[in-house]
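Me: I would like to go through this structure by question and answer, with the reasoning set out before each result.

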Amino acid sequence: MLGIGPTTLWRMIKRGDVRAHTNPLHPGLQDPNMLQRVKWVLDLLEGDNPQTKRQYQPMFDFVHIDEKWYYLSKKTQRVYLGKHERAKYRSGKSSKFIPKVMFTAAVARPRFNAQNECIFDGKLGIFPFTYQEAAKRNSKNREKGTMVTKVVESVRKEETRDMLINQIVPAIMQKWPPSEGPKTIFIHKTTQEHTSLNPMQYGNKHINKVTSLSF
């Protein structure tokens, strides 16, 4: 497209006349999304009036959660074998549609004492979307009735709610520093936009993208 040879273009890149640039695709935020983000930032300011609101909250009572999809296997893997070692034979139902599993990670701000020693690292856990199911028939790998771990292929609102209530919330209650006493913990879901989400019920509390939890 430049109308020059590849060698000339390579010399221009080496001289710095042409540079590589990665152009990411950003989320298209509308006016309601921008107003919601500004409101979120203003709510984190401490103070009683606009003159005293000059410092942000330390966010020691926030838990951030985020999810990530991972392929259970790769179509091609690079390995290193010994001189007489044979490569392992890998097979699957399809090389195009490889199953994926989702993990949710929960972290909080770490705590340090007066001696600058870490008393709470903030790592609450990484939780996979999997379930246990008994094998329906015998095979060369296992007997009938053996519990097998399977992947939740479609993560919907119900699966997210179950993960939050039965795994993430108990992990927070177990690992949170007891020295801080009873307090309200806010669970914040890291997303590209801060729009409303259908609320999920936890007891008599509502769990949304920003959730308050007292214990």
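Me: Is Lys183 buried, partly exposed or exposed?
Reply: In this predicted model, the relative accessibility of Lys183 comes to 22%. Because buried requires a value under 20% and exposed one over 50%, Lys183 falls in the class between them, and it therefore counts as partly exposed.

Me: With which residue do the side chains of Lys183 meet in a salt bridge, and how does that partner count in accessibility?
Reply: The salt bridge of Lys183 is made with Glu180, at 3.0 Å from N to O. Glu180 has a relative accessibility of 27%, and since this lies between the limits of 20% and 50%, the partner, Glu180, counts as partly exposed.

Me: Which residue is linked with Glu180 and Lys183 in a network of salt bridges?
Reply: A search of the whole structure finds seven salt bridges, and the one between Lys183 and Glu180 belongs to a network. The residue linked with Glu180 and Lys183 in that network is Arg111.

Me: Is Arg15, which forms a salt bridge with Asp17, buried or exposed?
Reply: The closest N and O atoms of Arg15 and Asp17 are 3.1 Å apart, which is within the 4 Å that a salt bridge allows. The relative accessibility of Arg15 is 57%, and because the limit for this class is over 50%, Arg15 counts as exposed.

Me: Which helix gives the most to the largest nonpolar core?
Reply: The largest nonpolar core has 19 residues, and those with the most contacts inside it include Val63, Ile65, Ile168 and Trp176. Strand E3 (62-71), strand E4 (100-108), E7, helix H3 (157-175) and strand E10 (184-189) each supply at least two residues of this core. With six residues, the element that gives the most is H3.

Me: Which residues is Ile168 in contact with, leaving aside its neighbours within four places in sequence?
Reply: Ile168 is among the residues with the most contacts inside the largest nonpolar core, as are Ile65 and Ala106. Leaving aside neighbours within four places in sequence, the residues in contact with Ile168 are Ile65, Thr104, Ala106, Phe127 and Met163.

Me: Where in the chain is confidence lowest?
Reply: The mean pLDDT of the chain is 83, with 88% of its residues at 70 or more, but over residues 192-210 the pLDDT is below 50. That stretch has 44 contacts in the model beyond near neighbours in sequence, although where pLDDT is low, the predicted coordinates should not be read in detail. Confidence is highest in strand E7 (residues 123-128), at a mean of 94, and lowest, at a mean of 35, in strand E11 (residues 200-202).

Definitions and conventions:
Residues numbered from 1 in each chain as written. Predicted model: local features only at pLDDT ≥ 70, side-chain atom pairs only at ≥ 80, totals over all residues. Heavy atoms only, no water. Buried < 20%, exposed > 50% of the residue type's maximum accessible area, 1.4 Å probe, protein only. pLDDT = per-residue confidence, 0-100. Helix = DSSP H or I, 4+ residues; strand = E, 2+ residues; numbered from the N terminus. Contact = heavy atoms within 4.5 Å. Core = buried A, V, L, I, M, F, W, Y, C linked by side-chain atoms within 4.5 Å.
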